Amino acid sequence: MARSFTLIQLRYFMEVARLENMRAAAQSMNVTQSTLSAAVNQLETDLEVALFHRMSNRGLRLTEEGKRLVVGARSLLEEAELLQATVSGQSQQLTGNLRVGIFAPIAPFIAPILLKGFTKAFPGISLSFIEASQQVLLTALQRGECEIALMYDLGVGAEFSMLPVERIGAHIILDEGHRLADPAQPIHLSQLKDEPFVLLDQEHSREYFLRIFSSLSIRPNIRYLVTGYETVRSYVAIGLGYSILNRKLGHDVTYTGKTVVRVPIADPVQPIDIVVASARDQPMSRKAQAFSEFAIVSLSGLDTV
């Protein structure tokens with residue numbers, strides 16, 4: 001016998017799944033907590049499964065059945081929106097909410113570009129970003145908290161699909177008074193091996209930069225471990241050492257007021273890829289597909305290599 005449930009129950013469920021808290025979801029949906037709770041409870045009754053684990057701290061966690069419902073509900077709600085537009089004779093432009101994960105260190109460089117351009121191209125979609133570490137984003141993808149995520153192609157398991165978006169090469173940065181600070185003259189990392197190295201100490205970035213040295217059988221003289229991209233540039237600008245970075249900015253001025261010089265690496269260095277990752281067992285919605293395609297086109301023209 002077919003079980004009956006409503007679209008509004010699914011919408012309530014999706015918001016509770018996203019926030020993992022009944023009170024916060026009720027505030028977000030502008031309904032009373034009792035209304036939201038009753039809808040979710042009725043949905044569990046109709047489906048004859050428990051959708052959430054009720055935690056001692058009043059938080060909620062999706063059960064395996066709840067995770068499967070997130071996948072199906074997302075597609076069903078999107079189809080319902082398109083059906084409504086078709087029946088009413090309205091434009092079938094994509095509408096609704098889209099949550100995209102983004103690796104925190106790359107967010108300042110690309111999130112503003114994508115947000116402005118995508119919302120202009122798809123005004124019916126409300127786009128929001130979740131900035132987090134790679135591991136947090138992968139967990140969010142598995143739990144359905146975001147559909148897709150922009151991240152490095154590092155540490156991503158076989159349970160995820162990856163669509164290449166942007167390839168970024170590496171370069172050396174030196175202070176402008178350094179003896180090798182000539183942007184037109186590539187240098188070998190062996191020429192700097194004894195000088196103090198300022199390492200961008202962020203998840204995956206750290207391993208990537210150290211792997212560059214390892215591939216060349218060089219042990220860098222790591223003097224400073226710095227978590228901020230701009231802080232690395234500032235350290236180098238005042239002569240505290242050299243560094244390797246990927247992303248190129250539109251200027252070389254640092255927060256210190258001094259500049260850094262970007263110098264090509266003469267050695268063969270593996271670039272790093274930014275990808276759109278998604279859970280392999282969860283079909284991508286039309287909104288997510290539209291964003292992925294938009295990101296590829298938008299980011300391909302950036303000066304990153």
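The expected span of a helix is 1.5 Å times one less than its number of residues. Helices (H or I, at least four residues) and strands (E, at least two) are DSSP runs, numbered from the N terminus.

This is a predicted model, where local features need pLDDT of at least 70, side-chain atom pairs count only at pLDDT 80 or more, and totals for chains, interfaces and linings use all residues. Residues are numbered from 1 along each chain as its sequence is written, and side-chain values use heavy atoms, with hydrogens and water left out.

**Exercise 1.** Compare the reach of helix 1 with its expected span.

Solution. Helix 1 covers residues 7-19, which is 13 residues. The expected span is 18 Å. From first C-alpha to last, the helix reaches 19 Å, close to that value. Just after helix 1, Glu-20 has a positive phi of about 55°.

**Exercise 2.** Find buried residues in helix 1.

Solution. Buried means under 20% relative accessible area (1.4 Å probe, protein chains only). Among those that qualify are Leu-10, Tyr-12, Phe-13 and Val-16. Polar names appear too, including Gln-9 and Glu-15.

**Exercise 3.** Place Glu-147 and describe its surroundings.

Solution. Start with the chain: Glu-147 sits in the loop between helix 6 (134-142) and strand 5 (148-152). Next, accessibility: Glu-147 counts as buried because its relative accessibility is 11%. Then contacts (heavy atoms within 4.5 Å). Leaving aside neighbours within four places in sequence, Glu-147 touches residues including Arg-74, Arg-99, Leu-141 and Ala-288. Last, its side chain makes a polar contact with the side chain of Ser-285 at 2.8 Å. A polar contact is a pair of N or O atoms within 3.5 Å; within protein, one must be able to donate a hydrogen and the other to accept it, and residues adjacent in sequence count only if both atoms are side-chain atoms.

Methods:
Buried means under 20% relative accessible area, exposed over 50%, partly exposed in between (1.4 Å probe, protein chains only).
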